[in-house]
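Please look through the chain shown here before reading the report. The notes are meant to be read with the structure open alongside.

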Amino acid sequence: MESGDGSGVQATATEPLINKTESTSFSLPIVSISETEEDRNQYLQISYNYGRRTIKDVPFAILFCLLVVCTFGFGIFASVNSNPHRYQVSAFVYNATSSVCSFDRDFPVVIDSISRHTFSIVKTSNLNSKWSFWEISVSTLIITVILIAPLVLFLLFLLKRYTKHLVYISIPLFLILPIFINVYWFVACTLSSKCSGTLPLTYRIVVLIFVFLLIGVVVWRFIVNWHRVELTINIIGVASNAMSRNIGLLGVLPALTLGLLVYFIPIILFLIYANRNGKIVPEKKSGLFHCVWKQDTWVPAYYALAILSMLWSVTAMAEAQIYVISGTIAQWYFSSDDSRPKHAMRSSLRNAFGTSFGTICFSGLLIYVVRIVRFVVDNANQEDGSRFLNTILRCGANSLFSAIDFLNKFTINFTAITGEAYCKASKMTYELLIRNLLSAIYVDTISARILSGIIFILSSAYAIVVCALLKGAMHLGDEAYLVSLMAWFLLMVILVFVVHVLENVIDAVYICYAIDRDKGEICRKDVHEVCDQLPIRRNRRVGFVS
């Protein structure tokens, strides 16, 4: 074993914890020594599990699958038993003889004629309307989608090769570009009679000052964290290098998101059909009978079931993406050479939706429950009599949620590497970080903010170019601002996703570095040179003996 960062662990492992005189007098410490030896051997064997993994957290996988099956089963039942007259209540009249609501067959003819007349009017108006704006909008968005792949690759190239130059060039633009946009819209709106008539001068000044205050807050945050810029540059460079070695993640992760959207389509249709389950019944109002819609009693329960299934699926898919990123990056990190391991993403996907599927469902359920409870706590009604009690409960709940977030921070990353169950992985991850004086909240540097600022500048520059082309070449009026805004939003969403992937790559690299440090090995020298600069925990080091 190399000495390196793990020399402290190895030295502790070879030194006796108690002397011989104490061991002959007391038998209890001898038992604890044997137990800690087993734990120590277990920790020193942490590495990527290339072998056959066993299925973990099976009950949560079964519960999730049962929930999905029930959602689809009751959804099919709702589709088959839907009432086609759900939105034709006005076509029913009360029959006093049979005391039921009967369908008026002459009413649909009126509806059909009205519908055909309305369609002909809409069609005629569409033919006479101006299509150039929509053609330009769709064409601009299509061109933006085509340019997304080259722009992302170019961004990764700049982040990998010229990280320092890009960051130091972008930091002044974080101030200059928002100020330019803020002053430009104020002047343009003042000169435009239509905009100035819609938005009075007082409101324009308030918005102008508010935006300047936001810019001042951003500048202040950068000034406070200026001493971390060099470290942030190195972290971004390491993450970009790891991302470029596993560029296929940028194709697999959007495919998983697209699969989730496809999975949502039938559930949304089931919800629509479930709303049509019921019957039209007579109801007496003011001495007269009217036909009203009465929904089946099980429909609200199905809505709750379907929404729960969708929300759990969202959090589980987010955890699955983190799992795939961590597994792929870990295989690259622990590989002998700098080349990308074969079938790394395939094996990570197989483990994510195979042996570790229950663990992913467990983590997704935990995150979902925490977010729901946090939302309820934050939006609880604060009555005058219980305001103090609610404040105390909110503080306690937030402390509990922070502890759960702390334990959950690197659990899925660790599970993707070792294949352990969720609870055991959470415990081992916490002890791994504590044992090596590392923190689970180190990512609270300005790396995410700098990356967000870079993609904001890139998207804004692209929108400015689009607006200039639309005004200069296409001679488009004020609609050019709307088209540019749509193009900016589309590009910004894609680049935010790329930044999110980079943040998860940083987490995966960090937990791999922690495993290296724990074993006293150096698999990636460039990663160790950067991560060794990270702040360590200042509290007393927790050893193997508690």
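The report below starts with the whole chain and then turns to selected helices, a surface patch and some single residues.

## Overall composition

This is a predicted model, and its protein chain holds 20 helices and four strands. Of the 546 residues of the chain, 40% count as buried, while the accessible surface comes to about 30400 Å², with 67% of that area belonging to carbon and sulfur atoms. Among the contacts in the chain with a separation of 6 or more, 78% are accounted for by residues 24 or more positions apart.

## Helix H7 and its kink

Helix H7 runs over residues 163-191, and its 29 residues reach 41 Å from the first C-alpha to the last, close to the 42 Å expected at 1.5 Å a residue. H7 nevertheless has a kink of about 35 degrees, centred on leucine 173.

The buried residues of H7 include Thr163, Leu166, Val167, Ser170, Ile171 and Phe174, and further along the helix Leu177, Pro178, Asn182, Phe186 and Cys189 are buried as well. An α-helix has 3.6 residues a turn, so residues three or four places apart point the same way. What covers the buried residues of H7 includes helix H6 (132-161), helix H8 (193-198), helix H9 (201-224), helix H10 (229-245) and helix H18 (447-472).

## Helix H17 and the residue after it

Helix H17, made of residues 422-435, has 14 residues and reaches 20 Å from its first C-alpha to its last, close to the 20 Å expected at 1.5 Å a residue. Its buried residues are Tyr422, Ala425, Ser426, Met428, Thr429, Leu432, Leu433, Ile434 and Arg435. Just after H17, leucine 437 takes a positive phi of about 60 degrees.

## A nonpolar patch on the surface

Leu258, Leu261, Val262, Ile265, Ile268, Leu269, Ile272 and Tyr273 make a nonpolar surface patch of about 720 Å². One of these residues, leucine 261, lies in helix H11 (residues 249-274), and it counts as partly exposed because its relative accessibility is 49%, which falls short of the cut-off of over 50% for an exposed residue.

## Two residues in contrasting settings

Tyrosine 87 is found in the loop between helix H4 (58-80) and strand S1 (92-95), and it counts as exposed because its relative accessibility is 56%. Leaving aside residues up to four places away in sequence, tyrosine 87 touches Asn275 and Arg276. Tyrosine 87 and tryptophan 293 are 206 residues apart in sequence, yet their C-alpha atoms are 8.9 Å apart in space.

Threonine 315, by contrast, has its place in helix H12 (residues 299-333) and is buried, since its relative accessible area is 8%. With residues up to four places away in sequence again not counted, threonine 315 touches Gly364, Leu365, Ile367, Tyr368 and Arg371.

## Positive phi values in loops

Most residues other than glycine have a negative phi. Aspartate 57, in the loop between helix H3 (28-44) and H4, has a phi near 50 degrees, a positive value in a residue other than glycine. Aspartate 57 counts as buried because its relative accessibility is 16%, and the cut-off for burial is under 20%.

Histidine 343, which lies in the loop between H12 and helix H13 (344-352), likewise has a positive phi, in this case near 60 degrees.

Technical notes: Residues are numbered from 1 along each chain as its sequence is written. This is a predicted model: local features need pLDDT of at least 70, side-chain atom pairs count only at pLDDT 80 or more; totals for chains, interfaces and linings use all residues. Side-chain values use heavy atoms; hydrogens and water are left out. Helices (H or I, at least four residues) and strands (E, at least two) are DSSP runs, numbered from the N terminus. The expected span of a helix is 1.5 Å times one less than its number of residues. The bend at a residue is the angle between axes fitted to the seven residues ending there and the seven starting there. Buried means under 20% relative accessible area, exposed over 50%, partly exposed in between (1.4 Å probe, protein chains only). Contact means heavy atoms within 4.5 Å. Patches are made of residues with over 30% relative accessible area and no salt bridge: like charges are joined within 9 Å, nonpolar side chains (Val, Leu, Ile, Met, Phe, Trp, Tyr) within 5 Å. Accessible areas come from the Shrake-Rupley method with a 1.4 Å probe; for residues, only the protein chains shown count as cover. A salt bridge is a side-chain nitrogen of Lys or Arg within 4 Å of a carboxyl oxygen of Asp or Glu.
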